[in-house]
Amino acid sequence: MAECSPEPVPQSVLSPLTAAAIFLVMTVDRDGEERTRALLSDLNGLQRAVGFRASSSGQLSCVAGIGSAAWDRLFSGPRPAELHPFRELTGPVHRAVSTPGDLLFHIRAARPDLCFALAAEIMERLRGAVTVRDEVHGFKYFDVRDLLGFVDGTENPVGPVASAAVLIGDEDPPFAGGSYVIVQKYLHDLQAWNALPVEAQERVIGRRKLSDVELDDEVKPVDSHVALTTVVDPDGTERKILRDNMPFGTVGEGEFGTYFIGYARTPAVTETMLERMFLGAPPAAHDRILDFSTAVTGSLFHVPTSDFLDDLPDPPGEEESETESETGADSPHVHTDTVLLGQTRAPDDSLGIGDLKGK
Ligand code: HEM
């Protein structure tokens, strides 16, 4: 009789929105691989150590993501099938830049001190082995609003719909229970935004500002944010991602932003949303939100399961003896540069909507 292996335990991708978050994006320095692996193995224990003191009301969680270029430096064995570098998009007016990122730490908690304490523990172990490329401390703003003043996160899937949208399944068995995440840091031109009457702002987003109710299809502009980020398959199925956006800012410098973070079972769904936002979807030229928000970073990561972190594959170079027989000669151990542009789309490519421009 075949033995049932237990379901892989995901990282806390499906944790609820919290009042505080820290986003850390790093690159692994030359010779920093060993310490990075040691930190990843320790991550679950570190979360428990920092979080337990605050009890479950602290809601501390941390999700670690690993970028395409770092994967082969850190691990032997198969690669996640859809892991590739973030694809830059250059539209006629707006650009989604691709910026360096080997590691992402998405730390969430009900209190900023918990996020801070865990971030400090992570950094303590990685100092000298990594370069921090971006650090953003996000906060909950009134009733889950972004700094444009709109409620952000309403249409997020919940329960089993969220799990199905976010967690890898049978399509990539070695990585089942994992996920993909795309992050972008956006800076808002609040002066220009606040100069718009509220009704005009509502037409940019596609929802009412105070009540958060979605505009009727007859009045919702085709280039509104909601219209362009609603992605529907030919069979009518709506494709969902899970967003955990956070506002951030430094008032002295006039910096006001939204940190976009979107988890999905396949990065193709989020990429389609980005294509529609930046390259347009006729008759919409581009997402109007981009006329007030500039993307200054962009990176893509695979989020392995919690089990993966507890029991990392061997580092590269040590696989021959132990794992060759398990993975087989044709394991999907693909080099980063060979998985660019269109090669990792869903097999039916049903989400394709035009060419990617730029890199
Ligand atoms: C919806 C804000 C970037 C995907 C929304 C909503 C707001 C918002 C206010 C409406 C309420 C809701 O359902 O959450 C922002 C801001 C952004 C940003 C301020 C950055 C400046 C993005 C990006 C993506 C995205 C980059 C995807 C690549 C979505 C999706 C929805 C949504 C899927 C729900 C659409 C629906 O089903 O109605 N966003 N967003 N957003 N956004 Fe964004």
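## The iron and its protein donor

In this predicted model, the iron atom of the ligand has a single protein donor, the NE2 atom of His225, at a distance of 2.1 Å. If you want to find this residue along the chain, look in helix H7, which covers residues 225-229.

## Around the ligand

Moving out from the metal, 28 residues surround the ligand, and those that come nearest are Gly153, Thr154, Glu155, His225 and Arg243. His225 therefore appears here as well as in its role as the protein donor of the iron.

Three consecutive residues in that group meet oxygen atoms of the ligand through their backbone. For Gly153, a backbone N or O atom is 2.5 Å from a ligand oxygen. For Thr154, the corresponding distance from a backbone N or O atom to a ligand oxygen is 3.1 Å. Glu155 joins in with a polar backbone atom, 3.0 Å from an oxygen atom of the ligand.

## The largest pocket

With the protein atoms taken alone, the largest pocket comes out at a volume of about 680 Å³. Its lining is made up of 32 residues, and nearest the centre are Asp152, His225, Val226, Thr229 and Arg243. Two of these names, His225 and Arg243, will be familiar from the list of residues that come nearest the ligand.

Several elements each give two or more residues to this lining: strands E7 (179-188), E9 (238-239) and E12 (255-264), together with helices H7 (225-229) and H8 (267-279). Helix H8 provides the largest share, with 4 residues. If you are thinking about the chemical make-up of the lining, the split by class is 12 nonpolar, 11 polar and 9 charged residues.

## Two annotated domains

UniProt, in an unreviewed entry, places a "Dyp-type peroxidase N-terminal" domain at residues 11-140. In the model, that span is 32% helix and 28% strand, and its end C-alpha atoms lie 22 Å apart.

The unreviewed entry in UniProt also places a "Dyp-type peroxidase C-terminal" domain at residues 144-307. Here the span is 25% helix and 24% strand, with 32 Å between the end C-alpha atoms.

## Backbone details worth a look

Most residues other than glycine have a negative phi, and most peptide bonds are trans. Two places in this model are good to check with that in mind.

Asp31 is not a glycine, yet has a positive phi of about 70°. You will find Asp31 in the loop that runs between strand E1 (20-28) and helix H1 (33-52).

Further along, Pro282 and Pro283 are joined by a cis peptide bond, with omega at about 10°. Pro283 sits in the loop between H8 and strand E13 (293-295), and H8 is the helix with the largest share of the pocket lining.

Key:
Residues are numbered from 1 along each chain as its sequence is written. This is a predicted model: local features need pLDDT of at least 70, side-chain atom pairs count only at pLDDT 80 or more; totals for chains, interfaces and linings use all residues. Side-chain values use heavy atoms; hydrogens and water are left out. On a 1 Å grid over the protein atoms alone, a cavity is a set of points where a 1.4 Å probe fits but cannot get out, and a pocket is an open set with protein on both sides within 12 Å along at least five of seven lines; lining residues have an atom within 4 Å of a point. Grid points are joined across faces, edges and corners, and a volume is the space filled by probe spheres set on the points. Ala, Val, Leu, Ile, Met, Phe, Trp, Tyr, Cys and Pro count as nonpolar, Asp, Glu, Lys and Arg as charged, and the others, Gly among them, as polar. UniProt positions are given in the numbering used here, feature names are shortened, and annotations may be inferred rather than shown by experiment. Donors are N, O and S atoms within 2.8 Å of the metal (3.2 Å for Na, K and Ca); water is not among the atoms, so sites may look incomplete. A residue is near a molecule or strand if one of its heavy atoms lies within 4 Å of it. A polar contact is a pair of N or O atoms within 3.5 Å; within protein, one must be able to donate a hydrogen and the other to accept it, and residues adjacent in sequence count only if both atoms are side-chain atoms.
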